[in-house]
Amino acid sequence: MTNDRNIVITGFMGTGKSTIGRLVAERLQRPYLDTDAEIVSRVGMSIPEIFARQGEAGFRHIERRMCRFLASQGGYVISTGGGMLVDEGNRDVMLASGFVVCLTASPEVIAKRLLGDPEDRPLLQGDWRGLLEKRRPAYESIPVQIDTSTRTPDEIAEEIVSLWQAASV
Ligand code: S3P
């Protein structure tokens, strides 16, 4: 594996992708990119607005294009939206081009972390625990898994950097 591959951090909502992604980027002095923030800035609408106007299918379409674009770039630390790599095509593209880490957390921990901002995440309005179960096989198919339930973001960022360095030699 060469060193300029993207480091891609994925996992369900509330697993710590953005917090940990930023820390990894700082440690490696790499540019950081959050796919949701990138979509919002390019489309000029918030995520709830995109869902309201174009439906989830519209959002997934934009997300797929973003995924392919980012896979063609190198050198970033990327945090994905929680659903991006549930799509098998997106997952294959990122696994083939980057170092992908899937973060996990127990439903109890996820519930606590997400309590603050449910209105930012359209899919939290529904049965998100059911969604987590449905997506589990897709997340579990990613080879590198880290449970964030009981450890600090700093500890996890450190582990990702070590794994990345080990995979890069
Ligand atoms: C989604 C997760 C969100 C965002 C959108 C859909 C999902 O990102 O992409 O609301 O399908 O799990 P976060 O995981 O950063 O909340």
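The ligand occupies the space of the largest pocket. Here a pocket is an open set of points on a 1 Å grid over the protein atoms alone, with protein on both sides within 12 Å along at least five of seven lines, and a molecule sits in one if more than half of its atoms lie within 2 Å of its grid points.

Please keep in mind that this is a predicted model, where local features need pLDDT of at least 70, side-chain atom pairs count only at pLDDT 80 or more, and totals for chains, interfaces and linings use all residues. Residues are numbered from 1 along each chain as its sequence is written, and side-chain values use heavy atoms, with hydrogens and water left out.

Around the ligand there are 13 residues, with Lys 17, Asp 36, Arg 60, Arg 121 and Arg 135 the closest; being near means having a heavy atom within 4 Å. This shell is made up of five nonpolar, three polar and five charged residues, with Gly counted among the polar ones. Helix H3 (residues 47-71) gives the largest share, three residues; helices are DSSP runs (H or I) of at least four residues, and strands (E) of at least two.

Now to the polar contacts, pairs of N or O atoms within 3.5 Å:

| Residue | Protein atom | Distance to a ligand oxygen atom |
|---|---|---|
| Lys 17 | polar side-chain atom | 2.7 Å |
| Gly 82 | backbone N or O atom | 2.9 Å |
| Arg 121 | side-chain N or O atom | 2.5 Å |

Taken alone, the ligand exposes 390 Å², and the protein buries 96% of that (Shrake-Rupley method, 1.4 Å probe).

Notes:
A polar contact is a pair of N or O atoms within 3.5 Å; within protein, one must be able to donate a hydrogen and the other to accept it, and residues adjacent in sequence count only if both atoms are side-chain atoms. On a 1 Å grid over the protein atoms alone, a cavity is a set of points where a 1.4 Å probe fits but cannot get out, and a pocket is an open set with protein on both sides within 12 Å along at least five of seven lines; lining residues have an atom within 4 Å of a point.
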